[in-house]
Amino acid sequence: MRLVTERLILRPWQDKDRSPMARIYGDAHVSRFFPKVMTVEETNLDIDLEIERAGTNGFHFGAAELRGSGETVGMIGLDVLSETVQAAIPSHPCVEIRWVLAKEHWGKGLAPEGARAWLDYAWSIGLPEVVARTAKENAPSRRVMRKIGMIHDPAGDHENPEISEGHWLRSRVVYRKLNPTFL
Ligand SMILES: CC(C)(COP(=O)(O)OP(=O)(O)OC[C@H]1O[C@@H](n2cnc3c(N)ncnc32)[C@H](O)[C@@H]1OP(=O)(O)O)[C@@H](O)C(=O)NCCC(=O)NCCS
């Protein structure tokens with residue numbers, strides 16, 4: 001699985017991505033809307049899990065590399081929602097899109113660029129719908145969702161069962177986009 005956009009290569013994880021991703025996930029500002037700032041070990045486990053999920057599902061939250069320099073700038077991709085999260089959202093969506101970039105690359109439109117390529121891929125394999133979820137307060141991520149044509153579905157907003165009760169990040173907003181070839 002390799003997608004190429006004007007500025008990015010979206011591809012499976014390689015060992016060379018581990019150290020830049022540990023820096024990105026270990027950055028408290030980048031991770032301010034995540035339940036925790038991940039350690040190097042947790043980042044490695046996360047990458048291992050995504051490699052496994054690519055094998056199972058044919059897609060995953062994958063690596064984003066800058067064309068030209070080859071720099072690993074973050075993660076953009078698709079993954080299957082856990083059954084508990086699917087159950088928490090009334091429309092029971094199956095697949096979500098997600099992104100995380102190193103902060104020196106924010107504000108250049110890289111996340112929407114990569115996300116559009118992943119959405120095209122999703123439609124090409126016949127997925128009926130892709131959702132995106134984030135904390136209510138995550139304005140930059142919500143902005144990316146709107147830029148790629150996703151629509152906020154207030155009926156899907158939910159308490160994330162994977163985050164402990166009372167945690168300020170438990171409330172999630174849901175944005176949806178339907179496969180345009182089915183419309
Ligand atoms: C969400 C994220 C991937 C956006 O990527 P991006 O490539 O910067 O996206 P864009 O360039 O399209 O910018 C989106 C919005 O972010 C905001 N933004 C841009 N630069 C910013 C900066 N330096 N600081 C804070 N917000 C910024 C702007 O509101 C921008 O919208 P605009 O283009 O209309 O002004 C990036 O902010 C990020 O990695 N955040 C931390 C991880 C995260 O929260 N991921 C989402 C998990 S659901």
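The protein chain in this predicted model is built from five helices and nine strands. Followed along the sequence, these elements run in the order β-β-α-α-β-β-α-β-α-β-α-β-β-β, so the chain opens with a pair of strands and ends with three strands in a row. As for overall dimensions, the C-alpha atoms take up a box of roughly 40 × 40 × 30 Å along the principal axes. The radius of gyration is 15 Å, which agrees with the value near 16 Å that a compact globule of 183 residues would have.

Next comes the ligand. Where does the ligand sit? It turns up in the largest pocket, with 20 residues around it. Trp99, Gly107, Gly109, Arg143 and Lys147 are the closest of these. Sorted by character, the shell around the ligand holds eleven nonpolar residues, along with five polar and four charged ones.

Which parts of the fold supply this shell? Two strands and two helices each put in at least two residues: strand S5 (95–101), helix H4 (110–124), strand S6 (129–135) and helix H5 (139–147). Of the contributors, H5 gives the largest share, with five residues of the shell. Two of the closest residues, Arg143 and Lys147, fall within the 139–147 stretch of H5, while Trp99, also among the closest, belongs to the 95–101 stretch of S5.

The backbone gets involved as well. Gly107, one of the closest residues, has a polar backbone atom 2.7 Å from an oxygen atom of the ligand. Gly109, likewise on the list of closest residues, places a backbone N or O atom 2.7 Å from a ligand oxygen. A little further along the sequence, a polar backbone atom of Ala111 lies 2.9 Å from an oxygen atom of the ligand; Ala111 is part of the 110–124 run of helix H4. How much of the ligand does the protein bury? On its own, the ligand exposes 920 Å², and the protein buries 75% of that area.

Methods
Residues numbered from 1 in each chain as written. Predicted model: local features only at pLDDT ≥ 70, side-chain atom pairs only at ≥ 80, totals over all residues. Heavy atoms only, no water. Near = heavy atom within 4 Å. Polar contact = N/O pair within 3.5 Å; in protein donor to acceptor, adjacent residues only side chain to side chain. Areas by Shrake-Rupley, 256 points an atom, 1.4 Å probe, with all protein chains shown as cover. 1 Å grid on protein atoms, 1.4 Å probe; cavity = no way out; pocket = protein on both sides within 12 Å on 5 of 7 lines; lining within 4 Å. Sits in = over half its atoms within 2 Å of the grid points. Helix = DSSP H or I, 4+ residues; strand = E, 2+ residues; numbered from the N terminus. Nonpolar A, V, L, I, M, F, W, Y, C, P; charged D, E, K, R; others polar. Rg over C-alpha atoms; globule rule 2.2 N^0.38 Å.
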